[in-house]
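Subject: Structure for you to look at

Hello,

Here is the structure I said I would pass on. Please open it first, then read my notes below with the view in front of you.

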Amino acid sequence: MGPPPRASAARLFVVSGPSGAGKGTVVRAFLSRHPEVFLSVSATTRPARPQEREGADYHFISEPEFAAMRDRGEFLESARVYDNYYGTLRQPVDEALSTGRSVLCELDIQGALAVKRARPQAVLVFIEPPSHEELAARLRGRGTEGPEALSVRAQAAYEEIKKKGLYDHVVVNDDLDNAVNELVRILEGHP
Ligand code: ADP
Ligand code: 5GP
């Protein structure tokens with residue numbers, strides 16, 4: 001009989017990339033294969049989109065509530081993204097890690113880099129769209145932003161993609177199944 005399998009250490013994974021690259025889609029498919037991984041649900045001051053549910057997609061809170069939570073140090077990181085504030089709740093992340101569960105956060109680039117500064121062991125994964133044209137088509141197809149917000153997000157993508165070299169891994173989300181398989185390989189590959 002060999003030695004018992006070593007319990008793998010809980011890791012903090014951060015997925016980010018331009019709006020419309022498919023982060024949410026890839027993460028959902030990933031979690032259906034790894035339901036033991038804890039998904040960090042952020043707080044935001046952004047209004048909920050029609051399909052979004054409180055507590056599942058985000059904790060939807062007011063700006064004064066957000067400021068009070070930030071002042072109490074309840075966020076592992078927080079950032080203004082486009083016109084709203086977003087923050088990662090420290091307590092649920094640390095509780096999951098302390099019970100041996102890996103954690104996955106979906107954050108913008110500022111958030112990813114802030115987490116890496118605070119927790120150097122964190123593994124950062126950049127989800128890249130196959131092209132700017134495809135990114136713009138996906139954003140339009142999702143239909144959750146008006147024309148102005150669409151063009152702001154498409155423009156921001158150029159700057160964001162320049163920073164992909166700061167990440168530990170880059171996954172191009174062209175074919176969805178391939179992208180999910182790659183994310184699974186990356187996360188399983190970090191013992
Ligand atoms: P993000 O979370 O990065 O903003 P979403 O997951 O909301 O992006 O995806 C943006 C849009 O692109 C959605 O309409 C989604 O269904 C679509 N999409 C995501 N991944 C792919 C893919 N690999 N091929 C084609 N469409 C995709
Ligand atoms: P959306 O409004 O489309 O859900 O998200 C906009 C951007 O905010 C996305 O890039 C998303 O990854 C990012 N985001 C979501 N939650 C957080 C968070 O807690 N912190 C940071 N820094 N970014 C977040």
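Let me start with the residues around ligand 1. By class, the shell around ligand 1 has three nonpolar, six polar and four charged residues. Keep in mind that this is a predicted model.

**Ligand 1**

How many residues surround ligand 1? There are 13, and the closest are Gly 20, Lys 23, Thr 25, Arg 142 and Asn 173.

Now look at the helices. Helix H1 (23–33) supplies at least two residues of this shell, and so does helix H5 (132–142). Which of the elements gives the most to the shell around ligand 1? That is H1, with three residues.

Next, zoom in on the polar contacts. A polar backbone atom of Gly 20 is 2.7 Å from an oxygen atom of ligand 1. Arg 142 uses its side chain: a polar atom there lies 2.7 Å from an oxygen atom of the ligand. Asn 173 also uses its side chain, but here the partner is a nitrogen atom of ligand 1, and the distance is 2.8 Å. How much of ligand 1 does the protein bury? On its own, ligand 1 exposes 560 Å², and the protein buries 74% of that.

The space that ligand 1 takes is the largest pocket.

**Ligand 2**

Move on to ligand 2. Its surroundings comprise 16 residues. The closest are Ser 42, Arg 46, Tyr 58, Glu 77 and Tyr 86. By class, this shell holds five nonpolar, four polar and seven charged residues.

Here, look for strands. Strand S5 (75–81) and strand S6 (84–89) each give the shell around ligand 2 at least two residues.

Check three contacts on screen. In the side chain of Arg 46, an N or O atom is 2.6 Å from an oxygen atom of ligand 2. Arg 49 has a polar side-chain atom 2.8 Å from an oxygen atom of the ligand. Thr 88 takes part through its backbone: an N or O atom there lies 3.4 Å from an oxygen atom of ligand 2. How much of ligand 2 does the protein cover? Alone, ligand 2 has 520 Å² of accessible area, and the protein covers 95% of it.

The space taken by ligand 2 is also described as the largest pocket.

**To find your way back**

For ligand 1, begin at Gly 20, Arg 142 and Asn 173, which are among its closest residues. For ligand 2, begin at Arg 46, one of its closest residues.

Best wishes

Note on methods
Residues numbered from 1 in each chain as written. Chains lettered and ligands numbered in written order. Predicted model: local features only at pLDDT ≥ 70, side-chain atom pairs only at ≥ 80, totals over all residues. Heavy atoms only, no water. Near = heavy atom within 4 Å. Polar contact = N/O pair within 3.5 Å; in protein donor to acceptor, adjacent residues only side chain to side chain. Areas by Shrake-Rupley, 256 points an atom, 1.4 Å probe, with all protein chains shown as cover. 1 Å grid on protein atoms, 1.4 Å probe; cavity = no way out; pocket = protein on both sides within 12 Å on 5 of 7 lines; lining within 4 Å. Sits in = over half its atoms within 2 Å of the grid points. Helix = DSSP H or I, 4+ residues; strand = E, 2+ residues; numbered from the N terminus. Nonpolar A, V, L, I, M, F, W, Y, C, P; charged D, E, K, R; others polar.
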